[in-house]
Structures are given as structure tokens and as C-alpha cells.
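Grab a pencil and work through these short exercises. Each task comes with a step-by-step solution.

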Amino acid sequence: MPSAFDEIRIGRHTARNRVVMAPMTRSRAYGPGASPTELMARYYGQRAGAGLIITEGTQPSAVGQGYLNTPGLHTATQVEAWKPVTAAVHERGGLIFAQLMHSGRIGHPSLHGATPVGASPVAAAGTVFTAEGPQDLVTPEPLDEDGIRATIADFTAAARNAIEAGFDGVELHSANGYLLHQFLSTNANLRTDGWGGTVEGRIRLTVEVTKAVAAAIGADRLGVRISPSNPFNDITEDGHRETYLALVDALNPLGLAYLHVAEGPDTEFTPRLRERWSGTLILNPYTPGAWTGPEALKAVENGEADAVSYGALFLANPDLPERLAAGGPFQQPDYAKAYGGDHSGYTDYPALADA
Ligand SMILES: Cc1cc2nc3c(=O)[nH]c(=O)nc-3n(C[C@H](O)[C@H](O)[C@H](O)COP(=O)(O)O)c2cc1C
């Protein structure tokens, strides 16, 4: 029976344990042109005891930015600024993947001066926080064929940039209602061309981006995050089981480093995905109204997943694997300081060893 504290192969790498830091946007990329800072290097370095760190969502292009002060990986300045971050994690023996997140219709022109893009001209219900305060989400400009090709090229270039910046790999964000998930959905994607209309059409953008990035950096340095049945960001997925089984079937032959499942309300579907997926599976369990807790590690022991990812608890416990091994105690996150701000609620959560 494997333990969450056993090593595991993740693509070409060996992770020292199966406790993964889930991607979390923290909106503190105050460096020039949406680039990371020394403070971010400190934050990620503190969490290097994770088997694998997956960074906050990072835009592969200017128009892919959905929130204030999120970092990018599409300029030379950003690549340079990420280097101290990856170095801080490597100095402490950790592994770090960059999450490439194109926010699609979840965004606002005030963030980058352009109309956000999407699958179809359908605005998501809701608001987005901008420098001028909360604003309604706008109707996105649907991507045409050239726009889709350019978007795939942006993901590929950003993945190459990630490797140049010292990342061990990349995770594609095809979850939580952002661009790739918008294409998978049945309400944000109303296309009737080859990029929508059918299951094959809706999964195509995720599949094509995955193939292109795998060709650029190696499938064994690439993971994909999905969130079947998760309605976050105004997503509807009619027939989600059929969609995600088809997606997994299309991704299986590529030999990816992992599939990261941000579990949605349809928890009974997870074992079917597990069965169907031929590679490593990282599970972020569905825990409505609570953060993922220590009991989630059972998923590794009973074979439901190969590794478990933690968001909020990693935010508040830089040495989370040690605390899980010791049975606690666990500090609770100050959610008011999740997005933006300074070191407070970011790098000042002490490790047990500091106490
Ligand atoms: C502050 C915060 C920011 C997040 N940002 C992202 C993100 O950038 N990309 C992503 O895929 N998920 C993001 N998530 C979702 C987490 O990765 C995770 O799925 C969620 O928090 C549930 O896991 P938990 O209960 O362990 O926190 C975020 C969550 C939090 C709390």
C-alpha cells in the first residue's frame, strides 16, 4: 500500500512525496510587465517540501490575463524574473511546474487593453475585480481559426519560456471555467465549426494545445488540469462524463506526466476517470464548504489517486507535508489576504521549525 510520503515518478522527475501544492493565484506579481518578484521566490521556496509545486495561474499571452497582478510567461522580462523563483525551490530540493492559464472570457479590457477572447460571444455571468473595482464580465471576441492557431502558439511559446526560466515542467489549466474549459463546455462554446458542436469539437482545443506543448517540451514534463462537472465561472457541461472520457482517451497516448483532477460535484465519476486514465493521477478532492484536509491522503493509500493536491492548507502551512506526517497542527488561511497585498498572509505563516 503506497503512502503519501513515498516518492513517486512524475514524468521525467522523481517527486519526494505525493503531497502536491495546488495552483493558487495570489496576485502579487508586481514586477515590471506582470513579472514575479523576490517575495514570490520566498513564498515558493518556503513550500519546496511539496512533492511538486504547481504555480499560480500564469498567462501565456497578454490577453490571457484574467485578474490583477497575475504573472505572465510571454516576455523576456518575465522569464528572467521567474528564474529566482525556480532557483529558490530547487535549492531546497523541490520540483516546480508553471500552470499556464489563459482566462478567456473571464477577464476585462482594463487589464490589458483588449477585448477578452473566447469560444463564442457569450459573456459569463459575474464580475471581475479590476483596478477600478469589480466590473461586469464582458462578451468575449470569438477566436477565429487564425486566433485559435495563434493561441496554441502562445501556449507553446510560454511552455518553452517556462523551461528557460528553470521550471521542471508545465501544467495546462483546462479547468475552473477558463479558456480551455470554456471550449469544453456546452454553454460557453456554441461553435458549429471543428472547434465545437460535438464532443470531438469541444475537446479539440485542449487536445491540440496539449499535443503542441508536448512536442515543444516533452510530454513527460507536461500535466493537464481538468474539473469535470465544476460549474465555477458560469460553466455548464451537458454530458460531462462523455466529454471527459473522450478527452482522457485522446490524451492517454501522449504519455503525459500527469492528469490533475480538480474534482467536481460528480464525485462518482472520479473512479471511472481513474480507471480510464493510463498515467499518474493527482487528485484535488471535492470538499464543499471545507478545505482539503489530512483525511484526503487516504486517496493515495487506497489507490484512488497517485498523489493529492492541497490548496488552502498549503497557503497557510509552508511545511505542509511535515505537518501532515506529524498529524498537525494546521494553521488556517486568512482568506482576506489571498489575493494581492504584501508579505502579510503570504510569506509570514511560520513553519513548525520556526515555532
Ligand atoms: C487563493 C486561491 C487561488 C486559486 N487559484 C487557482 C489557480 O490559479 N489555478 C487553479 O487551477 N486553481 C486555483 N485555485 C483552486 C485550487 O487549486 C484548489 O483546487 C482549491 O483551492 C480546492 O482545494 P483546497 O480545498 O485544498 O484548497 C485557487 C484556490 C485558492 C484558494
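**Before you start.** This is a predicted model, where local features need pLDDT of at least 70, side-chain atom pairs count only at pLDDT 80 or more, and totals for chains, interfaces and linings use all residues. Residues are numbered from 1 along each chain as its sequence is written, and side-chain values use heavy atoms, with hydrogens and water left out.

**Exercise 1.** Find which strand residue stands opposite Gly223, then place its strand in the barrel.

*Solution.*
- Start at Gly223: across from it stands Tyr258 in strand 12 (strands are DSSP E runs of at least two residues, helices H or I runs of at least four, numbered from the N terminus).
- Now widen the view: strand 11 (residues 222-226) pairs with strand 12 (residues 258-262) in the parallel sense, over four bridges. Two strands pair if DSSP finds at least two bridges between them.
- Finally, go round the barrel: eight strands close it in the order 3-4-5-10-11-12-13-14, with parallel pairing.

**Exercise 2.** Work out which residues come nearest to the ligand, and where its oxygen atoms meet polar atoms.

*Solution.*
- List the neighbours: 19 residues surround the ligand (a heavy atom within 4 Å), and Pro23, Thr25, Arg225, Asn284 and Gly311 come nearest.
- Check polar contacts (pairs of N or O atoms within 3.5 Å): a polar side-chain atom of Thr25 sits 2.6 Å from a ligand oxygen, and one of His173 sits 3.0 Å from a ligand oxygen.
- Don't skip the backbone: an N or O atom of Thr292's main chain lies 2.8 Å from an oxygen of the ligand.

How values were computed. A polar contact is a pair of N or O atoms within 3.5 Å; within protein, one must be able to donate a hydrogen and the other to accept it, and residues adjacent in sequence count only if both atoms are side-chain atoms.
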